[in-house]
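The following exercises are meant to be worked through slowly, with the structure open beside the text. Try each task before you read its solution.

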Amino acid sequence: MSFLTMVYAYLYYFAALVLVVGLVYKVVQYARTPAPLKIPTTPAPTTRTGVVFRMTREVVLFESLFRGNKWTWIFGWIFHFGLFLVTLRHLRYFIEPVWLPIKLVQPFGVYGGMAMVVGLVGLWSRRFFVDRVRYISSPSDHLILVLLIAIGCSGLLMRFVFHTDVVAVKSFFLGLYAFDPRPLPSDPILLLHLLLVAILMIVFPYSKLLHAPGLFFSPSRNQVDNPREQRHVAPWAKRLEQE
Amino acid sequence: MAKATFEVPELSQYIEVPAVTPETMAHSMPFVAKPEFQEPLGFPGELMDDWQQKAIGKMGELLGKYRSLRVYLDACVKCGSCTDKCHYYLGTKDPKNMPVGRQDLMRKVYRRYFTLAGKLFPKLVGAEEFTKEVLDDWYSYYHQCSQCRRCSVFCPYGIDTAEISMAAREIMDSIGVGQKYCNEIIGKVYKIGNNLGLPGPALADTLEGLEEDVYDETGVRVRYPIDEEGAEILLITPSADFFAEPHVDGLIGYGKVFHEAGVSWTLSSYASEAANFGMFIGSYDNMRRVAQRIREAAIQLKVKRIVFGECGHAWRVAYSFLNTLAGPWDFLDPRYPVPQHICEFTYDLIQRGKLTFDKSENDDKVLTYHDSCNVARASRMGDTPGGQFEIPRAIIRATCNHFYDMDEDTIRDRTFCCGGGGGLLTDDLMELRVKGAKPRVEALNNVMQEKAVTHMAAICAICKSQFTKVLPYYGMEMDQIVSLHQLVSNAIVLTGQDTEGDDEDETDEAA
Ligand code: HEM
Ligand code: HEM
Ligand code: SF4
Ligand code: SF4
């Protein structure tokens with residue numbers, strides 16, 4: 001096993017560990033923290049099913065953002081939908097045999113990659129040109145966009161200019177499952193792509209990327225509007241009643 | 001026009017999003033509570049020596065108690081969707097009044113002490129130590145949020161800056177930095193029973209006066225009872241309803257509606273306040289203590305139902321929190337929701353054809369309706385989502401011939417705050433209140449120009465007081481703001497009421 005393969009193998013074990021442990025920790029923390037009061041932003045659904053619909057619209061369509069700002073919505077949605085297609089396309093490196101839907105999505109994944117970069121560039125330009133957004137941006141907000149754009153561009157470069165041996169890439173990752181890494185091609189663009197992806201995985205649980213799990217735990221979106229019908233008391237508030 | 005020591009913003013045709021102009025409102029701070037106002041609420045009297053450590057400790061405690069706070073501080077992606085949604089930003093141009101700007105005052109402290117990234121790379125992620133300067137900023141800008149939740153409507157994660165303001169105020173209270181206005185008032189509720197400090201006998205007097213007024217005007221003996229054991233309904237209403245204009249006209253209206261419904265009702269001198277400022281300061285304990293008074297009054301007066309008068313945040317606490325804070329209500333009549341809003345009550349009677357109106361009584365007015373934030377975005381009326389918008393409008397349509405809504409972008413769940421909510425209705429924040437009212441007044445001005453609207457109805461004591469005070473700064477009349485039940489009161493035809501013509505004879509006979 002070459003030195004390079006070994007470094008990347010360890011890097012990916014580490015990154016995967018941080019991502020999984022970090023996310024599980026956060027999700028458990030969110031789930032365990034009580035929401036003592038009913039605070040859905042109304043008008044809100046009065047049933048669980050209604051809440052599922054509301055959340056689905058938020059996750060799939062970014063409904064509230066659509067009402068709030070059309071430009072951010074269009075760029076944001078293009079980026080996330082592109083990212084979604086790219087993720088589906090990438091599954092082929094990680095599963096064997098490759099499922100039919102993943103096979104079918106392959107060509108769209110490439111367009112997804114382009115869309116993703118376009119969306120990101122649009123979002124980034126807002127951070128320069130809209131004074132309010134410029135004011136609220138800290139260096140990390142810029143860096144995360146740079147990181148994602150760099151991942152997208154390095155990927156597209158591999159796809160269109162400096163091809164790499166995707167079969168070898170796949171066998172490297174499948175090898176990781178069995179703790180038996182196979183040689184990783186040493187194309188610089190691939191190495192860059194993978195390095196950046198590992199960084200993304202590591203920062204995920206420590207950054208604003210927590211918006212992805214966070215959305216599902218947001219009380220103003222996920223609560224049912226039924227406070228008069230059903231008494232809602234958090235465990236720590238119950239203790240006050242026993243006093 | 002009222003004299004102002006600051007520049008009153010100019011109204012424009014459309015909402016204009018101002019360019020970021022830092023620190024325009026850094027000087028705005030409400031009076032700090034003296035120890036005598038802090039201690040009855042269980043807070044230290046003045047800023048403690050080790051306040052920084054205590055504050056961080058308190059923040060940690062709240063992070064473990066409120067999922068909202070935890071998730072909201074983590075989740076913001078700085079997308080900017082909320083930046084132009086706050087009336088205080090639109091009216092003051094100060095970027096710390098952008099909802100995310102306001103949140104960031106706490107988020108930077110949170111990141112510094114509670115996140116790995118903030119501990120390792122504070123500069124990179126905008127994390128900062130909790131210094132005295134930061135605390136001053138907190139005091140200033142967390143008292144420039146009316147907790148109206150408009151920002152949460154447009155945030156992709158529903159981040160509600162009100163939750164963060166409440167937590168910030170709770171943290172500040174816990175280290176001895178309280179706001180005089182709110183804390184003094186909560187103390188009055190504990191001592192006397194209501195925000196205005198009106199004792200029981202004064203209330204009884206006022207109510208007697210109302211009975212006489214209504215009798216003189218209509219020839220019908222409408223009752224305004226207080227502390228009557230065994231009444232069916234306990235009415236909880238903001239104490240402003242007892243005397244201030246236009247609030248009291250609303251109270252007169254509730255009485256007439258109950259009269260026509262033929263139900264017995266009563267006020268309580270012990271729980272003579274619908275408002276619950278415990279919410280504004282984010283204190284679960286104080287909010288619960290205030291709410292418990294309603295439970296005690298209901299038990300003591302052996303009522304079967306509870307109805308709330310016109311008040312925005314009170315209805316939020318009542319509708320969304322009362323069951324949590326002071327329930328369960330299993331000793332009340334299970335056929336009715338607990339509590340009910342007076343609008344739900346009136347609307348139901350209208351639906352069942354129990355009320356007769358002479359709409360022409362309101363023909364001297366062309367109306368519009370202001371959705372109060374807490375009713376619009378933090379509660380409901382009736383059985384279906386959005387009832388809080390439709391029910392009050394249906395009542396206006398039933399009682400008035402001329403009604404026009406303001407621009408769609410400024411009503412219903414997108415309504416603009418009056419500028420005085422959230423514990424900011426105090427003279428020491430007048431500049432903020434006037435500037436914060438700008439977007440709402442702008443929309444009002446537009447329907448005045450386009451539809452010849454003369455009056456705006458509201459169902460919130462704070463909105464009514466705020467507009468009464470603020471409209472004159474914009475060259476409007478203070479009495480352009482009216483209570484919804486004032487319209488009901490004007491139009492309702494009481495059973496046995498004198499008709500216009502023989503008005504005088506009958507009063508003569510009675511005299
Ligand atoms: C449940 C899944 C997700 C949902 C519902 C979601 C939703 C959103 C929304 C509504 C925004 C704000 C609009 C915008 O700026 O685009 C946003 C921003 C962002 N999302 Fe996501 N997201 C999800 C997953 C992810 C993932 C997996 C990543 C990263 C790999 C990501 C990266 C970002 C970034 C970097 C931004 C900030 C863009 C900017 O700087 O303007 N999101 N997300
Ligand atoms: C360990 C995870 C990853 C591996 C092994 C990987 C590997 C690759 C490879 C080999 C290609 C070239 C495909 C070709 O030549 O046809 C590629 C392309 C690409 N990658 Fe990745 N990548 C990973 C993660 C990611 C992530 C997380 C993103 C996005 C945030 C991303 C975005 C892209 C894009 C946009 C392209 C170009 C379009 C395409 O071919 O799909 N990659 N990636
Ligand atoms: S809750 Fe209202 S006042 Fe507070 S930041 Fe949001 S929009 Fe502004
Ligand atoms: S809308 Fe929500 S996520 Fe976007 S900047 Fe405002 S608070 Fe943050």
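**Exercise 1.** Is His80(A) buried, partly exposed or exposed?

*Solution.* Keep in mind that this is a predicted model, and that the values below are computed from it. The relative accessible area of His80(A) is 29%, and a residue is called buried under 20% and exposed over 50%. His80(A) is therefore partly exposed, since its value falls in between.

**Exercise 2.** Describe the protein donors of the iron atom of ligand 1 and the arrangement of its donor atoms.

*Solution.* Begin with the donors: the protein supplies His80(A) and His211(A), each through its NE2 atom, at 1.9 to 2.0 Å from the iron atom. Next, place these residues in the chain, where His80(A) belongs to helix α4 (residues 70-90) of chain A and His211(A) to helix α10 (residues 211-217) of chain A, so that the pair links distant parts of the chain, 131 residues apart. Then turn to the geometry, in which the angles among the 6 donor atoms run from 87 to 178 degrees and the site is octahedral. Ideal angles for six octahedral donors are 90 or 180 degrees. Finally, consider accessibility: His211(A) is buried, with a relative accessible area of 14%.

**Exercise 3.** Which residues coordinate the iron atom of ligand 2, and which parts of chain A do they tie together?

*Solution.* The coordinating atoms are NE2 of His90(A) and NE2 of His193(A), at 2.0 Å. His90(A) lies in helix α4 of chain A, while His193(A) lies in helix α9 (residues 188-203) of chain A, and so the pair ties together parts that are 103 residues apart in sequence. The arrangement around the iron atom of ligand 2 is octahedral because its 6 donor atoms subtend angles of 87 to 179 degrees. As for accessibility, His90(A) is partly exposed at 27%, whereas His193(A) is buried at 9%.

**Exercise 4.** Which residues come nearest to ligand 4, and how does its shell divide by residue type?

*Solution.* Of the 13 residues around ligand 4, those that come nearest are Cys76(B), Cys79(B), Gly80(B), Cys82(B) and Cys155(B). Sorted by type, the shell holds 9 nonpolar, 3 polar and 1 charged residues.

**Exercise 5.** Which residues have the most contacts inside the largest nonpolar core?

*Solution.* This core has 189 residues, and Met106(B), Trp138(B) and Phe258(B) have the most contacts inside it. Its largest share, 9 residues, comes from helix α15 (residues 312-326) of chain B.

How values were computed. Residues are numbered from 1 along each chain as its sequence is written. Chains are lettered from A and ligands numbered from 1 in the order in which they are written. This is a predicted model: local features need pLDDT of at least 70, side-chain atom pairs count only at pLDDT 80 or more; totals for chains, interfaces and linings use all residues. Side-chain values use heavy atoms; hydrogens and water are left out. Donors are N, O and S atoms within 2.8 Å of the metal (3.2 Å for Na, K and Ca); water is not among the atoms, so sites may look incomplete. Four donors count as tetrahedral if all angles lie between 85 and 135 degrees; four count as square planar and six as octahedral if opposite donors are over 155 degrees apart and all others between 65 and 115; anything else is irregular. Helices (H or I, at least four residues) and strands (E, at least two) are DSSP runs, numbered from the N terminus. Buried means under 20% relative accessible area, exposed over 50%, partly exposed in between (1.4 Å probe, protein chains only). A residue is near a molecule or strand if one of its heavy atoms lies within 4 Å of it. Ala, Val, Leu, Ile, Met, Phe, Trp, Tyr, Cys and Pro count as nonpolar, Asp, Glu, Lys and Arg as charged, and the others, Gly among them, as polar. A nonpolar core is a set of buried Ala, Val, Leu, Ile, Met, Phe, Trp, Tyr and Cys residues joined through side-chain atoms within 4.5 Å.
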